[in-house]
Amino acid sequence: MLRGSATALLRGWNAATAMTAAGIPRKSPLLQTARGYPRVVRKRKPEIPSHLDDLPPTMLVTSYAKVPIIDKVDDVVKRMLSLEMASQREKLKIKKEQLAEKVRRNPYDCSSLEVQIAYLTARIRSLQEHLQKHRKDKENRRRMMMLIDRRNLLLKALRNRKYDVFENTCKQLDITYTFPPPYCRRATRRWVVKKALCIRVFEEVKKRKALERLKQREERDRAAKDQAVQNEGTSV
């Protein structure tokens, strides 16, 4: 390698061409150190805390926790069947059940509004953590927004039916309920012209009805005066 670079320098090539001829890449650490370039320091991305961190790693997966002979197996097998070796989906299942236990009415409750809200909350938080790492994942972002809209509908229904249960659910699941914004329509040129025309028609109809009511009132007053004059003439 050194012989090749020396031969290249004797032939009149520059240093970069000589290094390339010797087989040393231009952006190699050796070349940057020789030229005295500052070393590139890559910043480590901060670790994002997960809502699954509170799950103990020694906890068994749901499908193996109720097996009768699970206490007799080896420790290596237990470790393989624990959450330490489990996938994200298995951890999410356990987290969903933990959140549902906080708001469940009875041990057999699996379809009430509170349990559905708990399941949706676990899925939403999992997608939020995923989007913090992968911000350009539009498909999962759209899926998360759909789940949030669905949870808001369930929260609204629960709030209208049982307000005390709604407050307890929000407190147990750490949910902040915000009222939906008022309906707003995008103002297009056609919609603006149509609205202006409707306002003009409404005002014109209002004026005509006011004139008709005024005429009717004058006619009633005139008829009342004529009736009073007739009554005075008959009394005399």
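This is a short tutorial dialogue on reading features of a predicted model.

Reader: What kind of model is this, and how are its residues numbered?

Author: The model is predicted: local features need pLDDT of at least 70, side-chain atom pairs count only at pLDDT 80 or more, and totals for chains, interfaces and linings use all residues. Residues are numbered from 1 along each chain as its sequence is written, and side-chain values use heavy atoms, with hydrogens and water left out.

Reader: How many helices and strands does the chain have?

Author: Helices (H or I, at least four residues) and strands (E, at least two) are DSSP runs, numbered from the N terminus. The chain has 10 helices and zero strands.

Reader: What share of the residues is buried?

Author: Buried means under 20% relative accessible area, exposed over 50%, and partly exposed in between (1.4 Å probe, protein chains only). Of the 236 residues, 23% count as buried. The accessible surface comes to about 19900 Å². Carbon and sulfur atoms hold 54% of that surface. Areas come from the Shrake-Rupley method with a 1.4 Å probe; for residues, only the protein chains shown count as cover.

Reader: How do I read a salt bridge, and how many are in the whole structure?

Author: Side chains of opposite charge can pair when their charged atoms come close. The rule asks for a side-chain nitrogen of Lys or Arg within 4 Å of a carboxyl oxygen of Asp or Glu. The search finds seven salt bridges. One of them joins K95 and D54 at 2.7 Å, N to O. This pair links distant parts of the chain, 41 residues apart. K95 lies in helix 6 (residues 88-103), and D54 in the loop between helix 3 (29-35) and helix 4.

Reader: Is K95 buried or exposed?

Author: K95 is buried, at 7% relative accessibility. D54 is exposed, at 51%.

Reader: Which salt bridge lies within helix 10?

Author: E204 and R208 meet at 3.7 Å, N to O. Both lie in helix 10, four residues apart, about one turn of the helix. E204 is partly exposed, at 39% relative accessibility. R208 is exposed, at 54%. Elsewhere, salt bridges that share partners join E97, E101 and R104 into one network.

Reader: How do I read aromatic pairs, and how many are there?

Author: A pair of aromatic rings is described by the distance of the centres and the angle of the planes. Rings of Phe, Tyr and Trp (its six-membered ring) pair if their centres lie within 6.5 Å; planes under 30 degrees apart count as stacked, over 60 as edge-to-face and the rest as tilted. The count comes to three pairs. The ring centres of F166 and Y177 are 5.3 Å apart and their planes stand at 90°, so the pair is edge-to-face. F166 lies in helix 9 (residues 163-173) and Y177 in the loop between helix 9 and helix 10 (189-235), so the pair ties together parts 11 residues apart in sequence. Both F166 and Y177 are buried.

Reader: Which residues form the aromatic cluster?

Author: Y163, F166, Y177 and F179 form one cluster.

Reader: What is notable about the phi of D174?

Author: Most residues other than glycine have a negative phi. D174 has a positive phi of about 60° although it is not a glycine. D174 sits in the loop between helix 9 and helix 10. D174 is exposed, at 63% relative accessibility.
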